[in-house]
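New to this one? Take a moment with the picture first, then read on for a quick tour.

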Amino acid sequence: MKVILKETIDTLGIAGSECEVAPGYGRNYLLPQGKAMLATPQNRRVMEQARAKLELQIAKEKKLAEEMAEKIKGVVCKLKAKVREEIYLYGSITTHDIKESLGSQNIGVERRAILLAEPIKETGEYKVPIRLYKDVEPEITVIVEAEEKQDN
């Protein structure tokens with residue numbers, strides 16, 4: 001099923017682009033949510049007329065993402081976790097933990113924008129990219145430290 005995107009969707013493309021999607025995905029999600037429309041000749045003409053507006057919107061989104069990237073670049077998230085043998089974590093540090101740490105520093109990002117290949121399971125320092133826009137991926141530093149043991 002061919003559709004024209006009304007908004008940018010990371011996995012498909014930018015707003016205004018035409019792409020091929022599975023019929024169920026288009027019919028059950030993209031079309032009812034208003035994120036896309038069928039790629040008919042009439043809808044193509046409508047999108048051509050709206051393309052200038054879309055290009056302005058895309059430029060604005062990219063500019064906002066670049067400003068956010070400057071704010072995020074060099075941010076350090078210090079996380080504490082229970083450890084065994086001084087380096088191995090009992091649990092793991094996930095994107096949810098990183099999102100909460102960024103939130104406490106007044107930096108709001110979506111959890112799926114944090115590109116953590118796999119959960120962190122050892123103490124140390126890690127570089128984690130954050131995808132803010134298609135080609136805008138600043139890196140933050142995540143430092144995982146051992147929690148202080150409490151004596152009874």
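Here is a short briefing, grouped by topic.

What you are looking at is a predicted model, where local features need pLDDT of at least 70 and side-chain atom pairs count only at pLDDT 80 or more, while totals for chains, interfaces and linings use all residues. Residues are numbered from 1 along each chain as its sequence is written, and side-chain values use heavy atoms, with hydrogens and water left out. Helices (DSSP runs of H or I, at least four residues) and strands (DSSP runs of E, at least two) are numbered from the N terminus.

**Strands and how they pair**

- Two strands count as paired if DSSP finds at least two bridges between them.
- Strands 5, 6 and 7 make an open sheet in the order 5-6-7, with antiparallel pairing. Strand 5 (83-84) and strand 7 (120-122) are at the edges with a single partner strand each, so one side of each has no neighbour in the sheet.
- Strand 5 meets strand 6 (residues 88-93) over 2 bridges, in the antiparallel sense. Val83 has Leu89 of strand 6 as its bridge partner.
- Strand 9 has parallel company in strand 4, to which 6 bridges join it. Look for Lys80, whose bridge partner in strand 9 is Glu145.
- Strand 9 is also joined to strand 8 by 6 bridges, and here the two run antiparallel. Val128 is bridged to Ile140 of strand 9.

**Helix 3 and its buried side**

- Which residues of helix 3 are buried? Thr95, Ile98, Ser101 and Leu102 are, where buried means under 20% relative accessible area, exposed means over 50%, and partly exposed is in between (1.4 Å probe, protein chains only).
- These residues cover an arc of only 125° around the axis, so they sit on the same side of helix 3. That arc is taken from the directions from the helix axis to the C-beta atoms.
- The cover over the buried residues of helix 3 includes strand 4 (76-81), strand 6, strand 8 (124-129) and strand 9 (139-146).
- Thr95 belongs to helix 3, which spans residues 95-104. Thr95 counts as buried because its relative accessibility is 14%.
- Leaving out neighbours within four places in sequence, Thr95 is in contact (heavy atoms within 4.5 Å) with Arg111, Ile114 and Leu116.

**Nonpolar cores**

- A nonpolar core here is a set of buried Ala, Val, Leu, Ile, Met, Phe, Trp, Tyr and Cys residues joined through side-chain atoms within 4.5 Å.
- The largest nonpolar core has 20 residues, and the ones touching the most other members are Ile93, Ile98, Leu102, Val109, Ile130, Ile140 and Val142. Strand 4, strand 6, helix 3 and strand 9 each chip in at least two residues.
- A second, separate core has 7 residues, among them Val3, Ile9, Cys19 and Leu30.
- Not counting residues up to four places away in sequence, Ile93 touches Leu79, Ala81, Ile98, Leu116, Pro119, Ile120 and Val144.
- As background, nonpolar side chains tend to be buried together in soluble globular proteins.

**A pair of tyrosine rings**

- Rings of Phe, Tyr and Trp (its six-membered ring) pair if their centres lie within 6.5 Å; planes under 30 degrees apart count as stacked, over 60 as edge-to-face, and the rest as tilted.
- By that rule there is 1 aromatic pair. Tyr25 and Tyr29 have ring centres 5.6 Å apart and planes at 15°, so the pair is stacked.
- Both tyrosines are in helix 1 (residues 23-33), and they are separated by about one helical turn because they are 4 residues apart.
- Tyr25 is partly exposed at 31% relative accessibility, and Tyr29 is partly exposed too, at 34%.

**Two positive phi angles**

- Glu86 is not a glycine, yet it has a positive phi of about 70°. Glu86 lies in the loop between strand 5 and strand 6 and is exposed, with a relative accessible area of 67%.
- Asn106 is not a glycine either, and its phi is positive at about 60°. Asn106 follows helix 3, in the loop between helix 3 and strand 7, and counts as exposed at 65% relative accessibility.

**An annotated stretch**

- The unreviewed UniProt entry annotates residues 44-71 as "coiled-coil region". UniProt positions are in the numbering used here, feature names are shortened, and annotations may be inferred rather than shown by experiment.
- In the model, residues 44-71 are 100% helix and 0% strand, with the end C-alpha atoms 38 Å apart.
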